[in-house]
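Here's a walk through the sheets, helices and charged pairs of one protein model. Have a look at the chain first, then read on.

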Amino acid sequence: MQQLGFKLLNDISWVKPNPPPNLACRYFTHATETIIWAARDKKSRHTFNYKLMKEINRGKQMKSVWEFKPPEKWEKRFGKHPTQKPIALLDRILLASTNEGESVLDPFMGSGTTVLAALKLRRTAIGLELSQEFLHLSTQRLSNELVQVAISLSTIHFSLDLFSDPVDRSDRTQSHAREMLASAKLVQQESRFYFIGRQNRSVIFSTLAGTLDEAIQKFRASGHTDHDVLFIIKTETQIFLA
């Protein structure tokens, strides 16, 4: 590390209680992995959240040997990556060495575990990945596990039939129904944009707009910045008069 110009702070061992078997049967089974904790140079000031690590370790100093199980099945439901790490491991790494609002870079994103952990812990994350397959995998994980949006839809029941109709309509044929739908008239159409916050993963702003650009302009005019938003969801509503 010193030859590369880095300052080695610690090397941490991740112990796997149930490691995958060595299929070659020519080596010891890999039950540990090494985590290198280094700074850019000797003058670099690093972050170490000592009190938090001690709290997590039940009041005792956190040791450099950690035990975590390999990724659970639910962590691989969108696909598998040959070197995927458990999210609990990345949670601890980021909690120990970063603070809320800071940026985390993963130059080899893989299945997106580092980015997922960073965003969950309210960090800004940048991930780089060359493989289209793994990029798709990480996008699926992020979209599924981060976007938890509660959009309430109110339903209004009303009738346009001004006079009571005693006719029993239960025997209407499917062809009649198709004819009715074919003659339906569009009376209202609207597009609504929901802005999902980067910090709390909930709707922080919503607006009716014809285009995404128009919605973004309204979002900025409301006092928000582009950094506040993580995702934008568009919904379209159409009301037909049969």
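Let's start in the middle: strand S4 and strand S5 (residues 124–127) run parallel and are joined by four bridges. Strands count as paired if DSSP finds at least two bridges between them. Helices (H or I, at least four residues) and strands (E, at least two) are DSSP runs, numbered from the N terminus. Before going further, keep in mind that this is a predicted model, where local features need pLDDT of at least 70 and side-chain atom pairs count only at pLDDT 80 or more, while totals for chains, interfaces and linings use all residues. Residues are numbered from 1 along each chain as its sequence is written, and side-chain values use heavy atoms, with hydrogens and water left out.

**The parallel pair and its helix**

Within the S4 and S5 pairing, Val-104 has Ala-125 in S5 as its bridge partner. Val-104 also sits on the covered face of S4, together with Asp-106, whereas Ser-103 and Leu-105 make up the uncovered face. Add helix H3 and you get a right-handed β-α-β unit made of S4, H3 and S5. Right-handed here says that, with the strands pointing away from the viewer, the path from the first strand over the helix to the second runs clockwise.

How many of the eight residues of H3 are buried? Seven are, so H3 is largely enclosed by the rest of the structure. Buried stands for under 20% relative accessible area, exposed for over 50%, and partly exposed for anything in between (1.4 Å probe, protein chains only). The buried set in H3 consists of Thr-113, Thr-114, Val-115, Leu-116, Ala-117, Ala-118 and Leu-119. After H3 comes Arg-122, with a positive phi near 65°.

**Helix H2 and what covers it**

Helix H2 (residues 87–97) has its own buried set: Ile-87, Leu-89, Leu-90, Asp-91, Arg-92, Leu-94 and Ala-96. The cover over those residues includes strand S1 (7–15), strand S2 (32–39), helix H1 (50–56), strand S3 (65–67), S4 (103–106) and H3 (113–120).

**The mixed sheet**

S2, S1 and S3 form an open three-strand sheet in the order S2-S1-S3, with mixed pairing. S2 and S3 take the edges with a single partner strand each, so one side of each has no neighbour in the sheet. Ignoring direction, neighbouring strands here are turned by 25° against each other on average. S1 and S3 pair in the parallel sense, over three bridges, and Val-15 stands opposite Glu-67 in S3.

**The antiparallel sheet**

Another open sheet has three strands in the order S7-S6-S8, with antiparallel pairing. Strand S7 (203–208) and strand S8 (229–241) are at the edges, each with a single partner strand, so one side of each is left free of a neighbour in the sheet. From one strand to the next, the twist averages 20°. Angles run from 0 to 180 degrees between N-to-C directions, and axes are lines fitted to C-alpha atoms, for helices over the stretch in contact.

Twelve bridges tie strand S6 (residues 185–197) to S8, and Ile-196 stands opposite Phe-231 in S8. Helix H6 (residues 212–221) packs on this sheet, touching S6, S7 and S8, and its direction makes about 125° with that of S7. Contact is taken as heavy atoms within 4.5 Å.

On the other side of the pairing, S6 and S7 are joined by five bridges, with Tyr-194 and Ser-206 in S7 as bridge partners. The two strands form a hairpin with five residues between them, and Arg-201 in the turn has a positive phi of about 55°.

**Charged pairs**

The whole structure has six salt bridges, a salt bridge being a side-chain nitrogen of Lys or Arg within 4 Å of a carboxyl oxygen of Asp or Glu. Three of them are tabulated here.

| Pair | Closest N to O distance |
|---|---|
| Glu-33 and Lys-16 | 2.7 Å |
| Arg-40 and Asp-41 | 3.8 Å |
| Glu-236 and Lys-234 | 3.2 Å |The Glu-33 and Lys-16 pair links distant parts of the chain, 17 residues apart, with Glu-33 in S2 and Lys-16 in the loop between S1 and S2. Glu-33 is partly exposed, at 27% relative accessible area, whereas Lys-16 counts as buried at 13%. Together with Lys-85, these residues are linked in a network of salt bridges.

As for the other pairs, Arg-40 is exposed at 65% and Asp-41 is partly exposed at 29%. Glu-236 counts as exposed at 54%, and Lys-234 as partly exposed at 44%.
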